[in-house]
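I opened the model to look up how two of its helices pack and where one chosen residue sits. My notes follow in the order in which I checked things.

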Amino acid sequence: MRKIVLGIALLGMLAGACGRVSESKKTEEEPFTELLGELEPGSLGDSVMVYIGNGEDDTVATYPILDDMFAVILKTDRMKAGSIMIKYDEGISSGFFIPEGGKIRIRMDREGRVRIDHESKKSSLTKEYVTLSEESDRLYYGLIRQRDSVAKAEGLTGERYDSLDASFEKVFNERTMEQSLEVLKKHPDDVLGVLAIKNMLSAGGASKAREMIGCLSEEARNHPSLPDSLKF
């Protein structure tokens, strides 16, 4: 069973209507985003690599971790997504954010668990992005466990296993389509809406994605990561 586009899943009811830009999104954004990192003492953090991009204008940079802390200043851009990779004594840990302005706190414990929180925003794209990523993983791996349990109990192999796998992938794709429609309704003018359209494509819903792309704002509709076949 395939895992689809990073980080979009929202448990909710199917929504066919386009969303509208909320008043909160119309407010002027802060011009810079601060990533403020803090590692638990003893984790022996070495460096942090930060990626930010939209599929066309992408940047990757590495910053040192000094005294178990790091600070990175980025330009605010609600049409981009970001990821961090923290190199520490036991390996590498990662997390995701959106450079939406303000201070984003990044904390990592000795086991490498990373927690990302936008403390200064009540309605935070980063918080929702992290939540959606976690829910997507729970959905995917929950279905994987169910599939493997059924296959083991019934001794399925070969074509019978492939048929079972396809049935679980169908369930995953159907739920993903519902979830993506809900995300699109709430986020027509930022990168979450763009990712929702990409998830529709990954779930085999090209016709639905082509139908729903009109719900996006003009800027989001012309996002570089979306295929040209959807834009015209």
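I began with the crossing of α3 and α4, which I find to be left-handed, in a model that is predicted. The axes of α3 (residues 158-186) and α4 (residues 191-202) come within 8 Å, and I read a crossing angle of roughly 155°. Angles over 145 degrees count as roughly antiparallel, and I therefore enter α3 and α4 as roughly antiparallel to each other.

I then listed the residues that make this contact: α3 contributes Thr-176, Met-177, Ser-180, Leu-181, Val-183 and Leu-184, while α4 contributes Leu-192, Gly-193, Ala-196, Ile-197, Asn-199 and Met-200. Sorted by class, the contact of α3 with α4 has eight nonpolar residues and four polar ones, and I found no charged residue in it.

Next I turned to Thr-126, which belongs to helix α2, a helix spanning residues 125-154. Is Thr-126 buried or exposed? Its relative accessible area is 0%, so I record Thr-126 as buried. I looked for what its side chain meets there, and noted that a polar atom of the Thr-126 side chain lies 3.0 Å from the backbone oxygen of Ile-98. Setting aside neighbours within four places in sequence, I have Thr-126 in contact with Phe-96, Phe-97, Ile-98, Glu-100, Ile-104, Ile-116 and His-118.

Last, I took down values for the whole chain, whose secondary structure comes to seven helices and eight strands. Of its 232 residues, 47% are buried. Among contacts with a separation of 6 or more, 62% join residues 24 or more positions apart.

Definitions and conventions: Residues are numbered from 1 along each chain as its sequence is written. This is a predicted model: local features need pLDDT of at least 70, side-chain atom pairs count only at pLDDT 80 or more; totals for chains, interfaces and linings use all residues. Side-chain values use heavy atoms; hydrogens and water are left out. Helices (H or I, at least four residues) and strands (E, at least two) are DSSP runs, numbered from the N terminus. Buried means under 20% relative accessible area, exposed over 50%, partly exposed in between (1.4 Å probe, protein chains only). A polar contact is a pair of N or O atoms within 3.5 Å; within protein, one must be able to donate a hydrogen and the other to accept it, and residues adjacent in sequence count only if both atoms are side-chain atoms. Contact means heavy atoms within 4.5 Å. Axes are lines fitted to C-alpha atoms, for helices over the stretch in contact, and angles run from 0 to 180 degrees between N-to-C directions. Angles under 35 degrees count as roughly parallel, over 145 as roughly antiparallel, 65 to 115 as roughly perpendicular and the rest as oblique. A crossing is left-handed if the near helix is turned anticlockwise from the far one by less than a right angle, and right-handed if clockwise. Ala, Val, Leu, Ile, Met, Phe, Trp, Tyr, Cys and Pro count as nonpolar, Asp, Glu, Lys and Arg as charged, and the others, Gly among them, as polar.
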